[in-house]
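Hi everyone, thanks for making the time. I'd like to walk you through a structure today, so please have a look at the screen.

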Amino acid sequence: MLDRTEIRRRLRGPATRLRGSALPIVQCALAAGLAWWVASGPVGHVGPFFAPIAAVVSLGLSLGARLRRSVELVCGVTIGIGVGDLIISMIGSGPWQIALVVAMAMSTAVLINSGPVFSMQAGNSAVLVATLIPPGGTGGTDRMVDALIGGLVGIAVVAMVPTHPVRRARRDAAGILATAADVLRKVEAGLVENNPKPIDTALQQARATQPAIDGMRTHLKGGREVSRLSPLYWNTKPRLERLTAAADPIDNAMRNIRVLARRSLTLVRDDEILDPRLVQRIEELADAVDVLREMILAEPGDQPDQAEAARVLRSVARRMTPELVEGAGLSATVVFAQLRSLIVDLMQAAGLARVSAIATLPPTTDTPAYRPDLHSDHDTDSDTGLPRP
């Protein structure tokens with residue numbers, strides 16, 4: 001029998017999902033009601049069932065690419081009704097006619113080009129024409145108007161009752177960075193203990209972050225739409241641009257962390273010698289990732305800001321000298337290289353240009369591609385406006 005703690009734990013997941021989808025659900029419900037009212041009231045259509053359907057499909061529960069979905073929906077409905085009405089008026093309605101109409105409507109949509117919403121709505125609309133709308137009647141035109149109403153109402157609801165364009169993506173990014181810091185600490189613990197178990201756990205944890213990264217990108221797309229559509233959030237565009245610029249570096253950072261964990265696992269299993277100072281750099285970098293996460297969550301004007309996050313990361317970068325892997329084996333060298341690449345990714349997430357981030361690292365060759373830039377923190381980087389390394 002389950003105790004109260006276990007029951008609460010099992011209920012927490014569904015409750016969290018419902019809370020995260022609450023606003024999209026409200027938007028869909030409001031759009032469906034408004035679309036029906038507009039189509040049946042001012043427009044005067046009888047039973048305009050396609051208007052609320054179009055509104056709900058155009059919005060959905062996903063916050064990304066809603067504007068595109070609305071356009072694809074209206075276009076798909078137009079293709080489906082147009083093709084369906086033309087063919088059914090000539091050949092009548094029946095099982096093989098329905099199959100033919102759906103195939104031709106979806107094929108037309110695919111030839112015109114577009115995503116799954118376009119072709120699926122073309123097929124759905126063709127079915128409606130073949131089964132519900134009398135051949136030669138005006139129902140086809142009415143349904144096209146209903147679809148247009150539903151799509152426009154959906155866009156209007158996004159503008160009137162918008163989700164915050166930055167908050168969800170910012171929370172996603174902060175969650176990914178929290179995982180990154182935790183993974184680095186587990187790797188560091190495994191290296192100190194010469195124990196592969198924490199590192200293996202860390203590797204699995206790092207591999208599981210891809211859905212969160214995909215969710216962050218989806219929410220960034222949705223945020224860009226909201227910031228364009230809703231006057232309430234026009235002022236969030238600069239923050240959204242900064243977070244969008246950090247998305248690729250955060251993704252790349254997690255990829256480098258996966259390689260770092262995998263190679264650290266090999267290092268421990270091979271019982272390869274590792275400089276303790278390199279292990280210390282991993283711990284310091286985990287602390288720096290925490291600062292970067294706090295920067296992502298900070299409101300404009302709060303601390304830590306981009307300059308503070310970059311400063312902490314530079315302090316780690318300056319100590320990533322080639323001496324850490326003198327006489328080391330292959331795995332230790334790969335760990336060293338991955339740490340340097342990871343630092344570059346994280347500094348880009350903090351707002352530095354890639355060239356400036358690379359130049360922060362001590363050179364590993366006499367002829368580095370980018371001139372090392374090891375000035376004081378009081379100087380200013382000409383590429384970013386942030387304090388120079």
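Before I start pointing at things, one piece of vocabulary: a helix here is a DSSP run of H or I that covers at least four residues, and the numbering goes from the N terminus. Please also keep in mind that this is a predicted model.

With that in hand, let's begin with the overall layout. The protein chain has 14 helices and zero strands. Of its 389 residues, 46% are buried.

Let's go to the surface. Which residues make the nonpolar patch there? They are L86, M90, I91, W96, L100 and M104, and together they cover about 610 Å². Two helices, helix 3 (66-91) and helix 4 (95-112), each bring at least two residues to that patch. Take L86 as an example: this leucine sits in helix 3. Its relative accessibility is 53%, so L86 counts as exposed, the cut-off being over 50%.

Now the inside. The largest nonpolar core has 67 residues, and those touching the most other members are L184, L191, L278, L285 and L346. Several helices give at least two residues each to this core, among them helix 7 (167-193), helix 9 (210-229), helix 11 and helix 13. Which helix gives the most? That is helix 10, with 13 residues.

Two of those helices deserve a closer look, and I'll take helix 13 to begin with. Is helix 13 largely enclosed or largely open? Of its 20 residues, 14 are buried, so the rest of the structure largely encloses helix 13. We can also check its length. Helix 13 runs over residues 330-349 and should span 28 Å at 1.5 Å a residue; the C-alpha atoms at its ends are 29 Å apart, in agreement with that. Just after helix 13 comes G351, with a positive phi of about 110°.

The other one is helix 11, residues 276-297. Its 22 residues reach 33 Å from the first C-alpha to the last, close to the expected 32 Å. At the N-terminal end of helix 11, D275 acts as a cap, with a side-chain oxygen 2.8 Å from the backbone nitrogen of R277.

On to the charged residues. How many salt bridges does the structure hold? There are 12. I'll pick out a few of them.

In helix 11, the side chains of E284 and R281 form a salt bridge, with N and O 2.8 Å apart. These two are three residues apart in helix 11, which means about one helical turn separates them. As a general reminder, an α-helix has 3.6 residues a turn, so residues three or four places apart point the same way. Are these two charged side chains buried or exposed? E284 is buried, with a relative accessible area of 17%, and R281 is buried too, at 7%.

Helix 7 has a pair of its own. K186 makes a salt bridge with D182, and their closest N and O atoms are 2.6 Å apart. Both lie in helix 7, four residues apart, or about one turn. K186 is partly exposed at 23% relative accessible area, and D182 is partly exposed at 28%.

A further bridge joins helices. R185 pairs with D290, the closest N and O atoms being 2.6 Å apart. R185 belongs to helix 7 and D290 to helix 11, so this pair ties together parts that are 105 residues apart in sequence. R185 itself is partly exposed, with a relative accessible area of 30%. There is also a network of salt bridges linking R217, D248, D251 and R255.

Let me finish with some backbone details in the loops. Most residues other than glycine have a negative phi, and most peptide bonds are trans. Where might you look for exceptions? In the loop between helix 7 and helix 8 you find N194, whose phi is positive, near 55°; N194 is partly exposed, at 39% relative accessibility. The loop between helix 10 and helix 11 holds D271, again with a positive phi near 55°. D271 is exposed, at 54% relative accessible area. Then there is the peptide bond from Q303 to P304, which is cis, with omega near 0°. P304 lies in the loop between helix 11 and helix 12.

That's the tour. Thanks for listening, and I'm happy to go back to any part of it.

Technical notes: Residues numbered from 1 in each chain as written. Predicted model: local features only at pLDDT ≥ 70, side-chain atom pairs only at ≥ 80, totals over all residues. Heavy atoms only, no water. Patch = residues over 30% accessible without salt bridge, like charges linked within 9 Å, V, L, I, M, F, W, Y side chains within 5 Å. Areas by Shrake-Rupley, 256 points an atom, 1.4 Å probe, with all protein chains shown as cover. Salt bridge = Lys/Arg side-chain N within 4 Å of Asp/Glu carboxyl O. Buried < 20%, exposed > 50% of the residue type's maximum accessible area, 1.4 Å probe, protein only. Expected span 1.5 Å × (residues − 1). Polar contact = N/O pair within 3.5 Å; in protein donor to acceptor, adjacent residues only side chain to side chain. Core = buried A, V, L, I, M, F, W, Y, C linked by side-chain atoms within 4.5 Å.
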